[in-house]
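Here are a few exercises to work through with the viewer open. Try each task before you read its solution.

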Amino acid sequence: MAPSALPAVPALLLCLLVVLAAPAVEAARSSRHRSGDGGAAAASPPTTTTGGGGCNGPAALWVFGDSYADTGNLGDLGRELTHAWYDPYGDTFPGRPTGRFSDGRVLTDFIASAMGVPTPVAYKHRRWAPPGLLARGMNFAVGGAGVLDTGNFQRNIGDQIDLFQAQQRAAASSNCSGNGVAVVVVSGNDYSYAADKDNSTSAAIAYIPTVVRRLREQLRRLRDEAGMRRVVVTNLHPMGCTPLFTRPLNYTGCDPLANAGAAQHNAALESVIAGLNDDDPAKANNNRTFLLLDLNAAFAALVDAPAITEAAGERRFEEPRRPCCETFAAGGYCGQQDDDGKRMYTLCDDPAKHFYWDDVHPTQAAWAAVAETFRPKIRDFLLST
């Protein structure tokens, strides 16, 4: 079968070196959208863990990944390259851009809420964080990153783990550096990079074994070198349902080939996680180190359902595949302006009615809906000591 041509993917490939940005210290304030809370504020009771040496207390949260998890690590390099630092990003929460790729909170915020702990500080802002930073974790995820290098000059997941281990060494006086939860978020930048190079979905699919093999190596590092005893790993969302792919279809359906690629990645990842848990030293105590968080099923139930109707106990979005922030041209981006400062995008009245905020990133309301599916799974996993 001939390779399928892809649309341009600038939204998934955020470019250039991260530079130091001014700290973005969040303060929740009134928003013009009633959905500003998004469900993350109602955190679960704190989850405690017991590590080696009698370490007890609220679990620290260490985050690795890309723009689905980034809470401010991507430097401000201007509106065209780093959209998340410019309006209308952050419009729902906290009412201004904070470097999150959404109108408000992102996956990291909701996982922290599920654990009953504060959102960990972004690595870039560590210098302005209060004392006791390592006791509550850190977010190393950065927009545009991949498992391998994606041509964006961002720290890939291996580089992010290097930073984490450096933080561990700096806190060597504490025996609790492995006491906590690691979250690894992979959202498809590796495959976007491969597809963009060859203008072919087939090239991205052929890259799957390489990406998953390297991801397995990094997960082993977290367990065997960094000493993490709880690691949550996300699978790949249905990429063919993002507005990047649904726009050519007038947002009426999803791209089946892109979704098939995501499914192939997920099958390989599931096998990797099963293998890691099978040879896990914790297995002797009926414990497991790795939890596979099924974002694909949660997304698909909301964006790829055969009918957009209210079902018993099920949440639905009026616009499951059309973004709230929609560009005038396929090659544009949310927040784009012309030379006179005029908007080159439209903005919906209520992001809570849309699953997607821009061409690839969910709204805060979407993340809140997805979190409803994984909150009990995370709680059960962390309590199974």
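**Exercise 1: the sheet**

V232 stands opposite L291 in β7. A word on the model: it is predicted, local features need pLDDT of at least 70, side-chain atom pairs count only at pLDDT 80 or more, and totals for chains, interfaces and linings use all residues. Residues are numbered from 1 along each chain as its sequence is written, and side-chain values use heavy atoms, with hydrogens and water left out.

Task: work out which strands pair in the open sheet, and in what order.

Solution. Start with β6 (residues 231-234), which pairs with β7 in the parallel sense over 4 bridges. Strands here are DSSP E runs of at least two residues, helices are H or I runs of at least four, and both are numbered from the N terminus; two strands pair if DSSP finds at least two bridges between them. Now extend to the full set: 5 strands, ordered β4-β3-β5-β6-β7, with parallel pairing. At the edges sit β4 (137-139) and β7 (290-293), each pairing on one side only. From one strand to the next, the twist averages 20°.

**Exercise 2: the helix α1**

Task: is α1 buried or exposed?

Solution. First, locate it: α1 (residues 107-115) lies across β3 (60-64), β4, β5 (180-184), β6 and β7, running at about 155° to β3. (Axes are lines fitted to C-alpha atoms, for helices over the stretch in contact; angles run from 0 to 180 degrees between N-to-C directions.) Next, check burial, where buried means under 20% relative accessible area, exposed over 50%, and partly exposed in between, with a 1.4 Å probe and protein chains only. The buried residues include L107, F110, I111 and M115. In fact 9 of the 9 residues of α1 are buried, so the helix is largely enclosed by the rest of the structure. Finally, look just past the end: G116 follows α1 and has a positive phi, near 75°.

**Exercise 3: two helices together**

Task: describe how α5 and α7 cross, and which residues make the contact.

Solution. Place α5 (residues 208-225) first: this helix lies across β3, β5, β6 and β7, at about 170° to β5. Then take the axes of α5 and α7 (residues 256-278), which come within 10 Å and cross at roughly 35°. The contact (heavy atoms within 4.5 Å) involves, among others, V212, L215 and L219 of α5 and A268, L269 and V272 of α7.
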